[in-house]
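Here is a short briefing on one chain. Look over the fold, then the helices, then the side chains.

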Amino acid sequence: MVVRAKSLGLKLPAQIFAQSRKLSANNDYVRARYVVTRERTDISDQSVLRYCQTIRSSVIAALNMDELGVPQGDPWLGALPTDYPKQAPSE
């Protein structure tokens, strides 16, 4: 997903792509969802958390959202989807 996001224009630090390759090579993304018993990798839990937080921050900035993920101002890539909740007019 990180590689695809980069191809769509998401700007991420280079180390994110290196970590993504390492996580993918070890199937470490599976550990996030399922209990996997094996030797721990050399990527600490704290590093994985920082990795996720960096990606989240980059997505929030790229999509013009506030810290809670609410779009701000103009849409990022075009018109909002037709099923997107309507915003009340500002007073």
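What pattern does the chain follow, read along the sequence? The pattern is α-α-α. The model is predicted. There are three helices and zero strands.

**Overall**
- The chain has 91 residues, and 19% of them count as buried.
- Take the contacts in the chain with a separation of 6 or more: residues 24 or more positions apart account for 33% of them.

**Nonpolar core**
- The largest nonpolar core holds 10 residues.
- Its members are Val2, Ala5, Leu10, Leu12, Ile16, Phe17, Leu23, Ile43, Tyr51 and Ile55.
- At least two residues of this core come from each of α1 (2-7), α2 (14-25) and α3.
- The most come from α2, which supplies three.

**Helix α2**
- This helix has 12 residues.
- From first C-alpha to last, α2 reaches 17 Å. That is close to the 16 Å expected at 1.5 Å a residue.
- Its buried residues are Ile16, Phe17, Ser20 and Leu23.
- Why do they lie on the same side of α2? They cover an arc of only 125 degrees around the axis, so they share that side.
- Ala14, Arg21 and Ala25 are exposed on the other side of α2.
- The cover over the buried residues of α2 includes α1 and α3.

**Helix α3**
- Helix α3 spans residues 45-62.
- It has 18 residues, which should span 26 Å at 1.5 Å a residue. The end C-alpha atoms of α3 are 26 Å apart, so the model agrees with the expected span.
- Buried in α3 are Ser47, Tyr51, Ile55, Ser58 and Ile60.
- These buried residues pack against α1 and α2.

**Serine 58 and leucine 12**
- Serine 58 is placed in helix α3.
- Is serine 58 buried or exposed? Its relative accessible area is 13%; buried means under 20%, so serine 58 is buried.
- Leaving out residues up to four places away in sequence, serine 58 touches Leu10, Lys11 and Leu12.
- Leucine 12 touches Val2, Phe17, Thr54, Ile55 and Ser58, with residues up to four places away in sequence again not counted.
- Leucine 12 is also listed in the largest nonpolar core, as are Val2, Phe17 and Ile55 among its contacts.

**Rings and charge**
- How many aromatic pairs does a search of the whole structure find? The search finds zero.
- A ring does appear in another kind of arrangement: the charged end of lysine 6 sits over the ring of phenylalanine 17. The distance to the ring centre is 4.8 Å.
- Phenylalanine 17 is one of the buried residues of α2, and it belongs to the largest nonpolar core.

**Asparagine 64**
- Where is asparagine 64 found? It is in the segment after α3.
- Phi of asparagine 64 is positive, near 55 degrees, in a residue other than glycine.
- The relative accessible area of asparagine 64 is 35%; this falls between the 20% limit for buried and the 50% limit for exposed, so asparagine 64 is partly exposed.

Key: Residues numbered from 1 in each chain as written. Predicted model: local features only at pLDDT ≥ 70, side-chain atom pairs only at ≥ 80, totals over all residues. Heavy atoms only, no water. Phe/Tyr/Trp six-rings, centres within 6.5 Å; stacked < 30°, edge-to-face > 60°. Lys NZ or Arg CZ within 6 Å of the ring centre and 35° of its normal. Helix = DSSP H or I, 4+ residues; strand = E, 2+ residues; numbered from the N terminus. Buried < 20%, exposed > 50% of the residue type's maximum accessible area, 1.4 Å probe, protein only. Core = buried A, V, L, I, M, F, W, Y, C linked by side-chain atoms within 4.5 Å. Contact = heavy atoms within 4.5 Å. Expected span 1.5 Å × (residues − 1). Arc of directions from axis to C-beta.
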